[in-house]
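Let us walk through this structure together, one step at a time. Have the view open beside you and turn it as you read.

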Amino acid sequence: MELSRKQQATLAAIFAAPVRASIVWSDIESLFRACGAEISEGSGSRVRVALNGVRGVFHRPHPQKETDKGAVKSVRRFLSESGIEP
């Protein structure tokens with residue numbers, strides 16, 4: 001898995017303590033794709049993600065583009081379960 005510097009920074013931000021709430025959602029989706037995830041659109045703002053046999057459903061933030069702390073925690077848990085950590 002080859003990650004760009006920006007994707008590496010996004011991964012580090014997701015696993016940073018304390019939990020950050022200012023990560024841009026499009027950066028998270030870019031990280032998912034770089035890790036080999038399959039992303040599909042759900043209804044409304046839902047996004048389905050499958051990575052290494054683990055499935056997750058997330059909500060794109062709107063109208064802002066940054067995620068909240070709860071979403072970052074969910075993404076962190078999803079990545080950990082998928083075997084992706086910094």
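We begin with the overall layout, then visit the aromatic residues, one helix and a few turns of the backbone.

Please keep in mind that this is a predicted model. The protein chain has three helices and three strands. If you trace the chain from the N terminus, its elements come in the order α-α-β-β-β-α. So two helices lead, three strands follow, and a helix closes the series.

How does the overall size agree with a compact globule? For 86 residues, such a globule would have a radius of gyration near 12 Å, and the protein chain has 12 Å, which agrees. The C-alpha trace spans about 30 × 30 × 20 Å along its principal axes. Of the 86 residues, 40% are buried. Among contacts with a separation of 6 or more, 54% are between residues 24 or more positions apart.

On the outside, the protein chain exposes about 5200 Å², and carbon and sulfur atoms supply 47% of that area. The chain carries 13 positive and 9 negative side chains, with the centres of the two sets 4 Å apart.

Now turn to the aromatic rings. A search of the whole structure finds five aromatic pairs. One of them joins Phe32 and Phe78: this pair is edge-to-face, with 5.6 Å from centre to centre and 75° between the planes. Because Phe32 lies in helix H2 (residues 25-34) and Phe78 in helix H3 (residues 69-81), the pair ties together parts that are 46 residues apart in sequence. Phe32 is buried, with a relative accessible area of 0%. Phe78 counts as buried too, at 4% relative accessibility.

Phe78 also has another partner, Phe58. Their ring centres are 5.5 Å apart and their planes stand at 85°, so this pair is edge-to-face. Here too distant parts of the chain are linked, with Phe58 in strand S3 (residues 54-59) and Phe78 in helix H3, 20 residues apart. Phe58 is buried, as is Phe78. Together with Trp25, the residues Phe32, Phe58 and Phe78 form one aromatic cluster.

Next, take a look at helix H2 itself. Which residues of H2 are buried? They are Trp25, Asp27, Ile28, Glu29, Leu31 and Phe32. As a guide to reading such a list, an α-helix has 3.6 residues a turn, so residues three or four places apart point the same way. And what covers the buried residues of H2? The cover includes helix H1 (5-14), strand S1 (38-41), strand S2 (46-51), S3 and H3. Just after H2, Gly36 takes a positive phi of about 95°.

Finally, follow the backbone through the loops. In the loop between H1 and H2 you will find Pro18. The peptide bond leading to Pro18 from Ala17 is cis, with omega near -5°. Pro63 sits in the loop between S3 and H3, and a cis peptide bond joins His62 to Pro63, with omega about 0°.

One stop remains, in the loop between S2 and S3, which is the place of Asn52. Although Asn52 is not a glycine, its phi is positive, at about 50°. Is Asn52 buried or exposed? At 54% relative accessibility, Asn52 counts as exposed.

Conventions. Residues numbered from 1 in each chain as written. Predicted model: local features only at pLDDT ≥ 70, side-chain atom pairs only at ≥ 80, totals over all residues. Heavy atoms only, no water. Helix = DSSP H or I, 4+ residues; strand = E, 2+ residues; numbered from the N terminus. Rg over C-alpha atoms; globule rule 2.2 N^0.38 Å. Buried < 20%, exposed > 50% of the residue type's maximum accessible area, 1.4 Å probe, protein only. Contact = heavy atoms within 4.5 Å. Areas by Shrake-Rupley, 256 points an atom, 1.4 Å probe, with all protein chains shown as cover. Lys, Arg positive; Asp, Glu negative; His and termini not counted. Charge placed at Lys NZ, Arg CZ, Asp CG, Glu CD. Phe/Tyr/Trp six-rings, centres within 6.5 Å; stacked < 30°, edge-to-face > 60°.
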